[in-house]
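Me: I have a structure open and want to go through it. Can we take it piece by piece?

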There are 2 protein chains.
Amino acid sequence: MTKPFTTLSTHIAWSCPWYDIRQDEILRPDGSPGVYNIVQKAPSVWIVPVMTSGNIVLLRQYRYTVDDWCWEVPAGGVKEAQTPKEAAREELHEEVGGHSTNWTSIGPLYTANGICNEVGHIFLAREVELGQAAHEPAEIIEIHQKSIAEVLTMARTNQIKDASSALAILLCQPYL
Amino acid sequence: MTKPFTTLSTHIAWSCPWYDIRQDEILRPDGSPGVYNIVQKAPSVWIVPVMTSGNIVLLRQYRYTVDDWCWEVPAGGVKEAQTPKEAAREELHEEVGGHSTNWTSIGPLYTANGICNEVGHIFLAREVELGQAAHEPAEIIEIHQKSIAEVLTMARTNQIKDASSALAILLCQPYL
């Protein structure tokens, strides 16, 4: 399928260290002009970590954006010159001190395709061994271990409200 | 649980008709100062529409943000002075010309809680009757009907890449 919009111009309207706002002048398929603003952000990774014990490592994390504590799987941004898998290894290590040599790439998702270009890459990490986490000062994180059955129930019953974390868990289910 | 950050100041750093960028000066739990930027957006609704025939209505929609065609369920923003359910009724009507008198509220999700405060409210609409859609000019949308089994397979196998749509479908599964 072809791209139905024509881009006439593009510029960065606002910027911060985590994302830019890109503003495009466009022509719609009917020829009418418009403006599209895109939150332009590097890809991210979400990792479902299954330990050798069979438990899944879940985070309970305070999110300032929504002023709420959220159940999530480890996640983070892909840095420049990193592959998604390299970022996934790094995030698993930073967030829960985890290591794995058994990785499965589950696929991509779009977190918020109405406003943002972010692509989330989902990984399943098996045989995870835990060490010391190295949290950034803005991250308020508790590390929990729960059985696969309990985590699947949490994802299915809307107890995991971070959409990407819940979807990552449900997409990993055939491999659990 | 209490809020672990202290907000020192807040202002709107950038604005467009769809969202604002709110910039807060904060103190982290360790007392160190920082800045948090929040994409501040009205809540949205995602509707899983099941027809009297038993089929689910799915959209295939071009998303300029990611330059891709995406399978999705009907979705849209909650306007001021609207309840999420009123917005869901309106979006179902606008996007697929649909009506339903059999609604189930499935619950909330956070679409992108690392950067954005958006809350998505998921609804299941059963016994949907289709009429004429009324698309906005920026929306490039095809309307499809697929069996429940096919839609569940699409959601489970990462063919539905809009995370909120895929999760909405999987959360509705016990009711389908």
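Me: Which residue just after helix 1 of chain B takes a positive phi?
Reply: B:G97 does, with a phi of about 65°. This is a predicted model, in which local features need pLDDT of at least 70, side-chain atom pairs count only at pLDDT 80 or more, and totals for chains, interfaces and linings use all residues. Residues are numbered from 1 along each chain as its sequence is written, chains are lettered from A and ligands numbered from 1 in the order in which they are written, and side-chain values use heavy atoms, with hydrogens and water left out.

Me: What span should helix 1 of chain B have?
Reply: 18 Å, because its 13 residues (84-96) are taken at 1.5 Å a residue, the multiplier being one less than the number of residues. The end C-alpha atoms are 18 Å apart, which agrees. Helices here are DSSP runs of H or I with at least four residues, and strands are runs of E with at least two, numbered from the N terminus.

Me: Which residues of that helix are buried?
Reply: B:A87, B:A88, B:E91, B:L92, B:E94, B:E95 and B:V96. Buried means under 20% relative accessible area, exposed over 50%, and partly exposed in between, with a 1.4 Å probe and protein chains only.

Me: Switching to the interface. How much area do chain A and chain B bury between them?
Reply: About 5500 Å², 65% of it on carbon and sulfur atoms. That is the accessible area (1.4 Å probe) that the two parts lose on being put together, summed over both. A:Y64, A:T65 and A:Y110 supply 15% of what chain A buries there, more than any other three residues.

Me: How many residues does each chain put into the contact?
Reply: 63 from chain A and 63 from chain B, with contact meaning heavy atoms within 4.5 Å.

Me: And how many salt bridges between them?
Reply: Zero, counting a side-chain nitrogen of Lys or Arg within 4 Å of a carboxyl oxygen of Asp or Glu.

Me: Now A:R63. Where is it found?
Reply: In strand 5 of chain A, residues 55-63. A:R63 counts as buried because its relative accessibility is 15%. Leaving aside neighbours within four places in sequence, A:R63 is in contact with A:D68, A:C70, A:E72, B:N113 and B:G114.

Me: What is the overall make-up of chain A?
Reply: Three helices and 11 strands. Of its 176 residues, 52% are buried.
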